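This report examines a protein structure through its strands, its charged side chains and the loops that join its elements. Please study the sequence and the structure below before reading on.

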Amino acid sequence: MKWFAVIAWSLMFSCGALHAKWNPKSCSSDKNVRLTKCLNDSKFKRLKKVVKRSIAKSWCTEEKANLLMDLVFIQEPKVCVEIGAFTGSTILPIATTLKYIKQGQVYAIDAWSNSEATKYLIPEDPNKAWWLKVDMEEAYNTYKKRLVTWQLKPQCKTLRCAAKKAVHRIKKIDFLHLDGDYSEKGSMQDVTLYIPKVRSGGYILLSNILMRVKNEFTKLEAFSKLFETCEMVCEIENGNTVLLRKR
């Protein structure tokens with residue numbers, strides 16, 4: 001199925017975006033009650049503004065925050081999983097929405113380890129030097145502070161370990177955010193281990209798919225693998241992040 005992924009990938013670049021911006025209707029029908037409530041809930045809209053303002057200078061874009069919060073609100077997932085929690089900037093939109101709808105939990109998976117973050121990165125990868133030097137304890141403390149500030153400990157289950165070790169602690173997944181390893185080997189490992197745990201009809205968000213090393217897209221193999229069991233829903237951030245639904 002790699003050829004299909006390559007075609008889909010090519011379309012995103014030659015034709016612009018599949019969806020220029022995130023649209024809640026992408027994951028729901030016009031007659032869906034949750035969609036109607038999402039679009040008309042003024043309290044939820046205010047919450048979104050506060051959350052987006054809180055993470056304005058983080059790696060989580062406004063478009064991604066909108067997608068995460070709308071998707072969780074509409075789909076009401078019981079089990080969410082994020083691989084690559086780091087400072088918690090994308091955990092925050094997920095967890096605050098789970099708290100708002102009063103159901104569900106998100107597993108925040110990250111080893112917060114320089115050696116683990118660079119385990120599969122080749123020497124030529126320009127990101128390797130940065131990941132070797134970044135203060136992982138500071139990132140972890142920022143993540144923990146977010147949970148305390150927003151009172152999200154009941155909604156978040158923190159797994160400080162490699163994704164390979166965490167997978168055995170999770171049974172079924174309703175929403176999976178793959179935002180961890182940038183390398184070909186690491187991203188393929190995450191897809192291979194976690195996609196079988198995603199229920200039929202569940203959603204997968206693959207981030208940073210435009211990451212390139214030596215002019216090669218390191219996540220193309222992982223993206224291709226997803227098409228064996230998933231269908232594309234939309235893309236955001238000019239093709240850098242793709243939302244899929246498992247068949």
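## A strand at the centre of the account

In this predicted model, strand E4, helix H10 and strand E5 form a β-α-β unit that is right-handed. Strand E4 covers residues 173-178 and helix H10 covers residues 184-194, while strand E5 consists of residues 198-206. The strands E4 and E5 are paired in the parallel sense, with five bridges between them. Within this pairing, histidine 177 is placed opposite leucine 205 of E5.

Strand E4 also pairs with E1, again in the parallel sense, over four bridges. Here histidine 177 of E4 is the bridge partner of glutamate 82. How many of the six residues of E4 are buried? Six of the six are buried, so E4 is largely enclosed by the rest of the structure.

## From E1 to E2 and E3

A right-handed β-α-β unit is also made by E1, helix H5 (residues 91-101) and E2. E1 and E2 run parallel and are joined by five bridges. One position in this pairing is that of valine 79, which stands opposite glutamine 105 in E2.

Strand E2 comprises residues 105-109 and is mostly covered, since four of its five residues are buried. E2 pairs in turn with strand E3 (residues 156-159), in the parallel sense and over four bridges. In that pairing, valine 106 has cysteine 156 of E3 as its bridge partner.

## Two aspartates in one loop

The loop between E4 and H10 contains aspartate 179, and aspartate 181 has its place in the loop between E4 and H10 as well. Which side chain of opposite charge is nearest to aspartate 181? It is lysine 219, at 7.6 Å, and aspartate 181 is buried without a salt bridge. A salt bridge requires a nitrogen and an oxygen within 4 Å, so the distance of 7.6 Å does not qualify. The side chain of aspartate 181 does, however, make a polar contact of 2.6 Å with the side chain of serine 183. Beyond its neighbours within four places in sequence, aspartate 181 is in contact with Tyr120, Leu121, Gly186, Ser187, Asp190 and Lys219.

Aspartate 179 is likewise buried and has no salt bridge; for this residue the nearest side chain of opposite charge is lysine 64, at 4.6 Å. That distance also lies outside the 4 Å cut-off, and therefore the pair does not count as a salt bridge. When residues up to four places away in sequence are left out, aspartate 179 touches Ile83, Gly84, Thr90, Ser207 and Asn208.

## Salt bridges across the chain

Side chains of opposite charge can pair when their charged atoms come close. Seven salt bridges are found in a search of the whole structure. One of them joins glutamate 76 and arginine 34, with an N to O distance of 3.8 Å. This pair links distant parts of the chain, 42 residues apart: glutamate 76 belongs to the loop between helix H4 (62-75) and strand E1 (79-83), and arginine 34 belongs to helix H2 (residues 33-40). Glutamate 76 has a relative accessible area of 29% and is therefore partly exposed, whereas arginine 34, at 17%, counts as buried.

Another salt bridge is formed by arginine 245 and glutamate 231, at 3.1 Å from N to O. The two residues are 14 residues apart, with arginine 245 in strand E9 (residues 241-246) and glutamate 231 in strand E8 (residues 230-236). Arginine 245 is partly exposed at 23% relative accessible area, and glutamate 231 is partly exposed at 33%.

## Lysine 48 and its partner

Is lysine 48 buried or exposed? Its relative accessibility is 12%, so lysine 48 counts as buried. Lysine 48 forms a salt bridge with aspartate 70, in which the closest N and O atoms are 2.8 Å apart. The two residues are separated by 22 residues, lysine 48 lying in helix H3 (residues 42-54) and aspartate 70 in helix H4. Aspartate 70 is buried, as is lysine 48.

Apart from residues up to four places away in sequence, lysine 48 touches Asn66, Met69 and Asp70. Lysine 48 and glutamine 75 are 27 residues apart in sequence, and their C-alpha atoms are 17 Å apart in space.

Key. Residues are numbered from 1 along each chain as its sequence is written. This is a predicted model: local features need pLDDT of at least 70, side-chain atom pairs count only at pLDDT 80 or more; totals for chains, interfaces and linings use all residues. Side-chain values use heavy atoms; hydrogens and water are left out. Buried means under 20% relative accessible area, exposed over 50%, partly exposed in between (1.4 Å probe, protein chains only). Lys and Arg count as positive and Asp and Glu as negative; His and the chain ends are not counted. A polar contact is a pair of N or O atoms within 3.5 Å; within protein, one must be able to donate a hydrogen and the other to accept it, and residues adjacent in sequence count only if both atoms are side-chain atoms. Contact means heavy atoms within 4.5 Å. Two strands pair if DSSP finds at least two bridges between them. A crossover is right-handed if, with the strands pointing away from the viewer, the path from the first strand over the helix to the second runs clockwise.
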